Amino acid sequence: MSLRSRLLLVIAAALLGVMGPARALTPEQARGIAVGDSDERIEALSAAAAAGAEGLGPFVQALLDDEVKVAGEQVFVVQGDKVVEAATGAAATLPAEAEDVVNNNRMRGALQAALASLQLLSPDLATRRASVAELLKQSLDESQLPLLDKAFAAETDGGLKASLERMRATILVASPDKDKRLAAVAELAGSRQAAVASLLQERLAPDAETDPQVRAALTRALDAVRSRLAWGERIGVVFTGISLGSILLLAALGLAITYGLMGVINMAHGELLMIGAYATFVVQNLFRQYLPGAFDYYVLAAIPAAFLASALVGAAMERSVIRWLYGRPLETLLATWGISLVLMQGVRSLFGAQNVPVENPAWLSGGISVMSNLTLPFNRIAIIAFAALVLLAVALLIARTRLGLFVRGVTQNRRMAACVGVNTARVDTYAFALGSGIAGLGGCALSQVGNVGPDLGQSYIVDSFLVVVLGGVGQLAGTVYAALGLGVLNKLLEGWAGAVLAKIMVLVFIVIFIQKRPQGIFAMKGRSAEA
């Protein structure tokens with residue numbers, strides 16, 4: 001057994017209470033740990049642990065932090081201007097001849113293993129997490145099993161229990177005893193941990209396990225673990241597809257108004273998403289500079305800013321160019337394509353051609369760990385919820401407000417709406433600004449999950465048109481079904497055929513669907529559909 005293994009075994013015994021009563025760290029013990037060759041120092045560390053020396057943990061940490069100095073028979077801990085004796089903790093004056101204690105890699109590894117073991121039963125959760133993370137880096141053997149069993153029995157945190165289980169399995173599955181290996185494999189067969197699957201796969205290597213019975217048990221256990229992990233992968237694909245669908249929904253909702261309700265083929269719609277993303281970037285920088293204490297809430301201010309910025313640009317587009325081109329789809333397409341080029345070049349001139357960084361606030365960082373191989377990011381969960389709220393707001397606005405009534409009236413019969421006193425030109429501007437502002441909200445959401453650059457909108461303009469056409473022109477419900485359906489379908493096909501082929505297959509599917517059902521999932525109802 002190596003010195004490190006013996007050291008950990010002694011520490012385990014001390015922590016399990018089989019040693020005598022704890023005594024304070026003596027000057028001799030401190031000097032033995034700090035001075036000599038690595039073997040002697042590790043032996044001294046083991047002896048101090050066996051004696052249950054109080055203060056050993058802080059002294060080991062000081063050694064790892066290079067805060068220990070030696071002068072003759074005395075050992076000191078130096079932390080800034082504060083100097084104390086290592087054993088007693090009494091204030092002291094550092095002699096001029098004091099020398100630094102140097103730890104080679106072997107000694108540092110032994111110190112880290114000892115500190116991790118000492119902290120494994122700490123009442124502080126963060127300390128235990130650090131201890132487990134450190135022990136996972138060490139080469140463990142069966143001498144550590146009593147300590148791991150004790151820690152596993154006392155642990156209340158689910159994540160740490162899983163890590164301890166993994167460590168225990170790592171030890172037993174490599175045991176020289178065949179029965180122990182079989183028992184370990186049988187225990188691992190019920191695991192839901194991706195790390196356990198990797199461990200079993202490693203043990204199936206020809207040079208790792210030679211016994212046919214154990215190899216057969218490893219194969220069965222690996223299949224069982226993978227079958228459980230497959231559910232996490234499936235759920236992950238569906239969640240990612242819904243997340244992508246939510247992004248497509250945000251991108252397509254505005255287009256569902258400008259194209260679906262107004263019939264305007266707006267090739268600059270992607271650039272309206274880009275403007276919303278850059279508005280978020282500007283708000284972020286303003287908060288960082290003027291309100292650093294409230295930085296985590298900059299997204300709440302960026303949402304209306306992105307809406308207003310894109311809505312104003314959209315209103316300006318409609319009043320200056322598009323209003324003269326209603327009923328002329330080819331000219332509208334060419335004009336809005338030219339506007340998109342102008343907007344992209346304007347952004348390049350103002351912000352540069354490179355992508356700009358948009359940082360997630362703290363409450364959108366990280367995620368929820370559902371399974372060992374499935375983590376749901378907070379930013380994508382927030383986008384799904386945000387898309388649902390925007391959809392609800394748009395549906396209420398179109399169905400329940402005076403503006404929505406006017407938009408629906410002008411869409412179904414422009415001349416009749418004008419005859420009853422509706423200012424159709426003003427309604428067109430409001431509707432186009434609304435669709436553009438919703439695109440800006442999509443850009444704000446996109447800034448939290450991807451890069452923000454001048455070409456941001458180009459990635460979504462084609463998919464947005466596909467969503468609107470597939471769902472049914474002018475149908476918000478169809479837009480929702482089409483966006484979520486295409487998102488999930490695209491992710492399912494990506495896992496099977498790759499990203500490029502998945503795009504091609506989705507496009508082929510849409511072409512075939514439109515051939516069979518030109519009106520989309522939901523057909524437009526009303527006079528315009530009957531004409």
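Two residues are in contact here when they have heavy atoms within 4.5 Å of each other. Keep that in mind as we walk through this structure, which is a predicted model.

**Leu 188 and its surroundings**

Let's start with one residue. Leu 188 is found in helix 9, which covers residues 178-188. Not counting residues up to four places away in sequence, Leu 188 touches Ala 169, Val 173, Val 196, Leu 199, Leu 200 and Val 225. Is Leu 188 buried or exposed? With a relative accessible area of 2%, Leu 188 is buried, because buried means under 20%. Between the C-alpha atoms of Leu 188 and Val 173 there are 9.1 Å, and these two residues are 15 residues apart along the chain.

Leu 200, one of the contacts of Leu 188, also appears in another distance. Its partner there is Thr 170, 30 residues away along the chain, and their C-alpha atoms are separated by 9.2 Å. Thr 170 lies in helix 8 (residues 158-172) and counts as partly exposed, at 37% relative accessibility.

**The nonpolar cores**

In soluble globular proteins, nonpolar side chains tend to be buried together. In this model, the largest nonpolar core has 77 residues, and the members that touch the most others are Met 274, Val 390 and Tyr 460. Which helix gives the most to this core? Helix 11 (residues 212-261) does, with twelve residues. Apart from the largest core lies another one, of 26 residues, including Leu 64, Val 68, Val 77 and Ala 114.

Now look at the contacts of Met 274. Leaving out residues up to four places away in sequence, Met 274 touches Leu 343, Met 344 and Val 347, and also Gly 453, Pro 454, Leu 456 and Gly 457.

**Aromatic rings and charges**

How many aromatic pairs does a search of the whole structure find? The search finds four. One of the pairs joins Phe 509 and Phe 513: the rings are tilted, 6.2 Å centre to centre, with 35° between the planes. Both residues lie in helix 21 (residues 499-516), four residues apart, which is about one turn of the helix. An α-helix has 3.6 residues a turn, so residues three or four places apart point the same way. Phe 509 is partly exposed, with a relative accessible area of 39%, and Phe 513 is partly exposed too, at 23%. Elsewhere, ring pairs link Tyr 278, Phe 281 and Phe 351 into a cluster.

Rings can also have a charged partner, as this table shows.

| Charged end | Ring | Distance from ring centre |
|---|---|---|
| Arg 234 | Trp 231 | 4.7 Å |
| Arg 323 | Trp 324 | 5.0 Å |

In each row, the charged end of the arginine sits over the ring of the tryptophan.

**Helix 2 and two backbone details**

Helix 2 covers residues 27-34, and Gln 29, Ala 30, Ile 33 and Ala 34 in it are buried. Why do these residues lie on the same side of helix 2? Because they cover an arc of only 125° around the axis.

Helix 2 is followed by Gly 36, whose phi is positive, near 120°. Asp 66 also has a positive phi, of about 55°, although it is not a glycine. Where is Asp 66 found? It is in the loop between helix 4 (56-64) and strand 1 (68-71).

Definitions and conventions: Residues numbered from 1 in each chain as written. Predicted model: local features only at pLDDT ≥ 70, side-chain atom pairs only at ≥ 80, totals over all residues. Heavy atoms only, no water. Phe/Tyr/Trp six-rings, centres within 6.5 Å; stacked < 30°, edge-to-face > 60°. Buried < 20%, exposed > 50% of the residue type's maximum accessible area, 1.4 Å probe, protein only. Lys NZ or Arg CZ within 6 Å of the ring centre and 35° of its normal. Core = buried A, V, L, I, M, F, W, Y, C linked by side-chain atoms within 4.5 Å. Arc of directions from axis to C-beta.
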